Amino acid sequence: MFLPLTSNNASNSLSVTYYSPASLTLSTTSNQVIAAFNVDAEFSKSVTGFALSDISVTNGTASNLSGSGANYSFTVTPSADGNVDISVAAESATAAGGAANTASNSLSVTYYAPVSVTLSTASNSVSQAFSV
């Protein structure tokens, strides 16, 4: 069986714009600290909607979020000795075209709380060697 040749009408043109998600990298200057420390949050492209509540901190709290576009920073205050883990979940900020960010790396910093030592002696006035 032979089918007759017919003209082919072109279909409508379809155009789709893909907006890739923004990646997010968290970093700090040291992986061992003895006090509150700053964390830099660098997105691969400009985003909006990034908020302090988007930051997850284990064994500490985040505060003082500042920045805009692709670069932000915030302070982390450790709660107790040990690892302080910081991360940001996917879909916490929005890039061009409504594309959400991907999850950040997990940043881990070890906190060593300062040790306080109190020395005392039986006398308030000492003019020679003494025992503590």
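This dialogue explains how to read several features of the structure shown above.

Visitor: What kind of model is this, and how are its residues numbered?

Guide: This is a predicted model, in which local features need pLDDT of at least 70, side-chain atom pairs count only at pLDDT 80 or more, and totals for chains, interfaces and linings use all residues. Residues are numbered from 1 along each chain as its sequence is written, and side-chain values use heavy atoms, with hydrogens and water left out.

Visitor: How many helices and strands does the chain have?

Guide: Helices (H or I, at least four residues) and strands (E, at least two) are DSSP runs, numbered from the N terminus. Here the chain has zero helices and eight strands, giving the pattern β-β-β-β-β-β-β-β along the sequence.

Visitor: In what order do the strands β1, β3, β5 and β6 stand in their sheet?

Guide: Two strands pair if DSSP finds at least two bridges between them. On that basis, four strands form an open sheet in the order β1-β3-β6-β5, with antiparallel pairing. The edges are held by β1 and β5 (60–68), each with a single partner strand, so one side of each is left without a neighbour in the sheet. Neighbouring strands of this sheet are turned by 20° against each other on average, direction ignored. For such angles, axes are lines fitted to C-alpha atoms, for helices over the stretch in contact, and angles run from 0 to 180 degrees between N-to-C directions.

Visitor: Which residues stand opposite Thr-25 and Ser-63?

Guide: Strand β1 is joined to the antiparallel strand β3 (residues 37–43) by four bridges, and Thr-25 stands opposite Glu-42 in β3. Between β5 and strand β6 (residues 71–78), also running antiparallel, there are seven bridges; here Ser-63 stands opposite Thr-75 in β6.

Visitor: Which side chains of β1 are buried?

Guide: Buried means under 20% relative accessible area, exposed over 50%, and partly exposed in between (1.4 Å probe, protein chains only). In β1 (residues 24–27) the side chains alternate: Leu-24 and Leu-26 are buried and point to one face, while Thr-25 and Ser-27 point to the other and are not buried. Over the whole chain of 132 residues, buried residues make up 24%.

Visitor: What is the strand order of the sheet that contains β4?

Guide: The order is β2-β8-β7-β4, an open sheet of four strands with mixed pairing. Its edge strands are β2 (32–33) and β4, each of which pairs on one side only. Strand β7 (residues 82–88) and β8 run antiparallel and are joined by five bridges, with Val-84 opposite Val-109 in β8.

Visitor: Is Val-57 buried or exposed, and which residues does Val-57 contact?

Guide: Contact means heavy atoms within 4.5 Å. Val-57 lies in strand β4 (residues 55–58) and is buried, with a relative accessible area of 19%. Leaving aside neighbours within four places in sequence, Val-57 is in contact with Ala-62, Val-76, Val-84, Asp-85 and Ile-86. The C-alpha atoms of Val-57 and Ser-108 are 9.7 Å apart, although these residues are 51 apart in sequence. Across the chain, residues 24 or more positions apart account for 59% of the contacts with a separation of 6 or more.

Visitor: What is found at Ser-66 in β5?

Guide: Ser-66, in strand β5, is partly exposed at 38% relative accessibility. Beyond neighbours within four places in sequence, Ser-66 is in contact with Asn-71, Tyr-72 and Ser-73.

Visitor: Where do Asn-59 and Asn-64 lie, and what are their phi values?

Guide: Asn-59 is in the loop between β4 and β5, and its phi is near 70°, a positive value in a residue other than glycine. Asn-59 is partly exposed, with a relative accessible area of 22%. Asn-64 lies in strand β5 and has a positive phi of about 55° although it is not a glycine. Asn-64 is exposed, at 57% relative accessible area.

Visitor: How much accessible surface does the chain have?

Guide: Accessible areas come from the Shrake-Rupley method with a 1.4 Å probe; for residues, only the protein chains shown count as cover. The accessible surface of the chain comes to about 9,100 Å², of which 50% belongs to carbon and sulfur atoms.
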